[in-house]
Amino acid sequence: MILNDIFMTINHAIWGWPLLIFVVGVSIVATVSLNFVQITQFVKAWKLMLFPSEGAAIGDMTPFEALVNALSTSIGNGSIAGIATAIYQGGPGAAFWIFVFGILSMSIRYAEVFLSTFFKPLTEAGNTIGGPMIYLQRVPGGKVLSYFFAFFLLFLGLSSGNAMQANSIRIGFGRILNTEPLVVAIFLLLFIAYVMAGGAKRIVQVSEKIVPIKVGLFFISALIVLIYHAPSLLHAIKLIFIGAFYPKALAGGVSGFLVQHALRYGIVRSVNATEAGLGTAAVLFGGTGATDPKNNGIMSMVSVFISANLVCFMVALMIIVSGVWDNGQTSLDLTISAYETVFGAFGGWVVTLLSVSFGMGVLVTYGYIARSCWLFLTNGKFEIVFKILFCTVTFLGALAQVEAVWNAADLANAGLLIVNLFGIAWLLPTVRRELLKTA
């Protein structure tokens, strides 16, 4: 309890305006420096995703498989629970900033994925290791920063990507089937042991099967809710704009406070949901061994748009349009309230099924990301130790109370953002030069 309070206090201080200004500032600089790449290359990004041209994987996976896995990590419980928390804490205006920052952060995703395939990856024990661990070595203090980054991303993979997902899945199975926690923990242990035993190839294969299921379930159910509440859409959009810019009905001081909170929580939850700037997508694309950094960077922007501007914004819009945004609930319970306005008592089942499928996808993909960090830190050694560790964390995470782990993971997120965005900002001239080269 005391440790959790300490984490919360530190998070409140770190995730304040200085860090948010830094994150938004780098995003704006990258957007302008790269000639608004997220807009000028938007159509091409979708073409590259829908019609991938590469053949067999050079490294651990193809660029398209890396994109699918990047989607798997960014569309998780942070989308359905974290965005609801943003609306609870920042009001409807937070939805506007989720959308805006999603657009801005597409330039960050381009830069980090470009750099991850522009600089030659490492090959350790037959595994391809790329991402921020490699390109950070090109900036001042890079040798230390690369190990700092790998350590914190390994921690994030074991906590947010593993323990917290396993815990959410256990709670979900308990709600749907009233399953005993130990039974769920054993099931998850056997499942993740099977996945990890197959190495990088099996992780990629399993993730590719989970992603279409969870994305399909979400869009079908979300569209049903939005169509049902279609008459209230214009009013909901009005609330979003009033909360983001122009809360006239409130006194000046109070309105300013609410606008600040809408901005702050919209950005924080958007970062956590899309993972743009955290380097996870860069690790995945770095593992491809691909040799076309420009097109890989362009294609990777689709994952941010889908997670922030479609999934996250749709979650926020459902909560607002259904009229439950100010009912006093937060997190997953608030999202369930929105679904219950359409599905009744089955609303909880729908959201819980989404939570379980989202959690399974994140859990599998973070197995690869954490594994890459482990191999980097150990020079490709003791992979069996990592597999045992990852499986053990899955089992214990399903059974434990992980509130303190959530707050510790937020600290890791802040550290990863600071280090990775510093590296991106330093190397931005290289990214710009290569982008502006004629094909």
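Helices here are DSSP runs of H or I that hold at least four residues, and they are numbered from the N terminus. By that count, Thr-288 falls in the loop between helix 14 (280–286) and helix 15 (293–321), in what is a predicted model. Although it belongs to a loop, Thr-288 has a relative accessible area of 1%, and because anything under 20% is taken as buried, this residue is buried. Its side chain places a polar atom 2.6 Å from the backbone oxygen of Phe-285. The C-alpha atom of Thr-288 also lies 8.0 Å from that of Thr-117, although the two residues are 171 apart along the chain.

The chain as a whole gives the setting for this residue. Its secondary structure comes to 19 helices and 2 strands, and along the principal axes the C-alpha trace spans about 60 × 50 × 45 Å. For 439 residues, a compact globule would have a radius of gyration near 22 Å, and the chain has 21 Å, so the two values agree. Buried residues make up 60% of the 439 residues. Of the contacts between residues at least 6 apart in sequence, 84% join residues at least 24 apart. The chain exposes about 17,300 Å², and carbon and sulfur atoms supply 70% of that area.

Helix 10 offers a worked example of how one element sits among others. This helix runs over residues 181–197, and at 1.5 Å a residue its 17 residues should span 24 Å; the C-alpha atoms at its ends are 24 Å apart, which agrees with that expectation. Its buried residues are Val-184, Ala-185, Leu-188, Phe-191, Ile-192, Val-195 and Met-196. They cover an arc of only 135° around the axis, and therefore they lie on the same side of helix 10. The spacing follows a general rule: an α-helix has 3.6 residues a turn, so residues three or four places apart point the same way. On the other side of helix 10, Leu-190 and Ala-197 are exposed. The cover over the buried residues includes helix 9 (142–177), helix 11 (199–228), helix 17 (347–377) and helix 18 (383–399). Just after helix 10, Gly-199 takes a positive phi of about 70°.

Helix 17, one of the elements that cover helix 10, also holds Val-362. With a relative accessible area of 3%, Val-362 is buried. Setting aside its neighbours within four places in sequence, Val-362 is in contact with Ser-72, Thr-73, Ile-75, Gly-76, Gly-161, Gln-165 and Lys-214. By comparison of position along the chain, Ala-398 is 36 residues from Val-362, and their C-alpha atoms are separated by 14 Å.

The loop that joins helix 17 to helix 18 contains Thr-378. Its relative accessible area is 18%, and because the cut-off for buried is under 20%, Thr-378 counts as buried. The side chain of Thr-378 reaches the backbone oxygen of Trp-374 at 2.8 Å.

Strand 1, made up of residues 122–124, brings in a residue with another kind of setting, Leu-122. Leu-122 is partly exposed, with a relative accessible area of 32%. Not counting residues up to four places away in sequence, Leu-122 touches Asn-127, Thr-128, Ile-129, Ile-134 and Phe-376. Val-183 is 61 residues from Leu-122 in sequence, and the two are 40 Å apart in space, C-alpha to C-alpha.

The last stop is the loop between helix 2 (17–33) and helix 3 (37–40), where Asn-35 lies and where Phe-36 also has its place. Most residues other than glycine have a negative phi. Asn-35, however, has a phi near 55°, a positive value in a residue that is not glycine, and Phe-36 likewise has a positive phi of about 55° without being a glycine. Asn-35 counts as partly exposed at 38% relative accessibility, and Phe-36 counts as partly exposed at 41%.

Definitions and conventions:
Residues numbered from 1 in each chain as written. Predicted model: local features only at pLDDT ≥ 70, side-chain atom pairs only at ≥ 80, totals over all residues. Heavy atoms only, no water. Expected span 1.5 Å × (residues − 1). Buried < 20%, exposed > 50% of the residue type's maximum accessible area, 1.4 Å probe, protein only. Arc of directions from axis to C-beta. Contact = heavy atoms within 4.5 Å. Rg over C-alpha atoms; globule rule 2.2 N^0.38 Å. Areas by Shrake-Rupley, 256 points an atom, 1.4 Å probe, with all protein chains shown as cover. Polar contact = N/O pair within 3.5 Å; in protein donor to acceptor, adjacent residues only side chain to side chain.
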